[in-house]
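Hi,

Here is the structure I promised to pass on. Have a look at it first, and then read my notes underneath.

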Amino acid sequence: MGHGEYILDRGKELELQLTAPITVVASGEYIDSLKASAGANWISDANFIAVDPGDTIPEAEVNTSGIIVFEVDPTVPRSMERIRKLHAIRPGMPQIVAMKNVDLKLVRTLVREGVADVVELPFAAEEILQTVVAVLETKGHPAEQEVELAPVIAVTRAVGGSGATTIASHLAASLADDDARPRVCIFDLDIQSGRLAEVLGITPRRTLSDLLEAGKRIDASLMQSVAERHASGVSVIAAPGEIIPIEAVKAEDLARILEIARNEYDYVVLDLPSNLTNWTLNVLSKADSVVMVVEQTLASLRQARRRLDLFKNLGLDHRLISIVVNKTERKLFSAISLGDVEKALGRPVTAGIALDSATLASAQDQGVLARSIKRKSAFVSDLDGLAETIAAAVEGAHR
């Protein structure tokens, strides 16, 4: 039997596998072209919804569908939102995204979000049928459907005041600034002194407290309602507005929160407090990458050395730790050079982040990131380089 005959025979079995018809949602021109396709028998039983890629898909139509094929325009945020909304309405219904100029990196991002497959626009009736058949066959093997969880990047500091929050926020923005438009969420876990919302110039309606208080009732919908969208495209979970005891955080509650975030986003960045507690050490032990922010001072290096020794004793893989030296100055002679930092810590320096006090001060006054003020600054370039290094490392580890 040839491939075409196989697909045709399998297509005849769709009625047995689908409890409801295929629904196709796309712009009118694509719908008209598909309907005019010759030799596509399944079309007569399909539902068609002609709407622009940024418009809402009628919920009533979704509820009567067995599988949905819908147009997405990655340049339109509301269009990308369709994916999450459809998951919320029909969590178990397979989604097939249709888009122009399919990009491999974007496809990987969509699959992480739970999309079953991707087809290219304009529609080809046979391609849709083949994709639907493949999705239904995969659906019969749950182990093949497991979606890889997003990597966790934990940013910790040797001492307070080292600029780790600035590093974490700009690192998250650099990760999000990609053609594939990865979804990035940053958590301010400094529950007593967190300043992430202030640095980013946002006033959150809800905070980490809402997630912690939910306990076992937490779900993706609650997380989305708590996350505040920043202009950079990064979703922000702000620290509690009120001071709460640091030991009030339960490791199991935080683990549940982060697991949901890893299902919802492509990267999860954590801005950790200076305090080392059972739950912060638990987070560090499970992170895919640990960014240790240090400065070129004796006090910072002493504390960094002590923390690295602790991490080693706890069994944390040293290969996951990146030493990032903040506030470096391009001087020929410096009291403590990057080479001295490497000798003191017994580890290579992953990146040095240039000191640019004027740009950062201006950015924080305006509630934006430095890249919005001075895109070509040494500081922004250094953070972009760090983001590329971290992304490459975690993606390599996940292969």
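One definition before anything else: two strands pair if DSSP finds at least two bridges between them. Helices (H or I, at least four residues) and strands (E, at least two) are DSSP runs, numbered from the N terminus. Keep in mind that this is a predicted model, where local features need pLDDT of at least 70, side-chain atom pairs count only at pLDDT 80 or more, and totals for chains, interfaces and linings use all residues. Residues are numbered from 1 along each chain as its sequence is written, and side-chain values use heavy atoms, with hydrogens and water left out.

Now the overview. The protein has 18 helices and 13 strands. Of its 399 residues, 50% are buried (buried is under 20% relative accessible area, exposed is over 50%, partly exposed is in between, with a 1.4 Å probe and protein chains only). Taking the contacts (heavy atoms within 4.5 Å) with a separation of 6 or more, 74% are between residues 24 or more positions apart.

On to the sheets. One is an open sheet of 5 strands, in the order β2-β1-β3-β4-β5, with parallel pairing. Its edge strands, β2 (47-50) and β5 (117-120), each pair on one side only. From one strand to the next, the twist averages 20°. Inside this sheet, β1 (residues 22-26) and β3 (residues 67-71) run parallel and are joined by 4 bridges. If you want to find one of them, look for Thr23, whose bridge partner in β3 is Ile68.

Two helices to look at here are α3 and α5. Helix α3 (residues 28-35) packs on the sheet and touches β1, β2 and β3, with its direction at about 150° to that of β2 (axes are lines fitted to C-alpha atoms, for helices over the stretch in contact, and angles run from 0 to 180 degrees between N-to-C directions). Helix α5 (residues 77-89) also packs on the sheet, touching β1, β3 and β4 (95-99), and its direction makes about 165° with that of β3.

There is also an open sheet of 8 strands with mixed pairing, ordered β8-β9-β7-β10-β6-β11-β12-β13. Here the edge strands are β8 (228-229) and β13 (349-354), each pairing on one side only. Strand β12 (residues 321-328) runs parallel to β13, with 4 bridges between them; Val324 stands opposite Ala351 in β13. Helix α12 (residues 251-264) packs on this sheet, touching β6 (152-157), β7 (184-188) and β10 (267-271), and its direction makes about 145° with that of β10.

Two other helices are worth a look for their faces. In α13 (residues 278-286), the buried residues are Trp279, Thr280, Val283 and Leu284. Seen down the axis, they fall within an arc of 140°, so they line one face of α13 (the arc is that of the directions from the helix axis to the C-beta atoms). The face turned away from that buried side carries the exposed Asn278 and Lys286. Among the elements covering the buried residues of α13 are β6, α12, β10, β11 (289-294) and α14 (298-313).

Helix α16 (residues 357-366) has Thr359, Leu360 and Ala363 buried. They cover an arc of only 95° around the axis, which puts them on the same side of α16. Ala358 and Asp365 are exposed on the other side. After α16 comes Gly367, with a positive phi near 70°.

What about the rings? A search of the whole structure turns up 1 aromatic pair (rings of Phe, Tyr and Trp, using its six-membered ring, pair if their centres lie within 6.5 Å; planes under 30 degrees apart count as stacked, over 60 as edge-to-face and the rest as tilted). The pair is Tyr30 and Phe123, edge-to-face at 6.4 Å centre to centre with 80° between the planes. Tyr30 is in helix α3 and Phe123 in the loop between β5 and α7 (125-139), 93 residues apart. Both Tyr30 and Phe123 are buried.

Two backbone oddities to finish. Leu121 and Pro122 are joined by a cis peptide bond, with omega about 0°, and Pro122 lies in the loop between β5 and α7. Lys327, in strand β12, has a positive phi of about 65° although it is not a glycine.

Cheers
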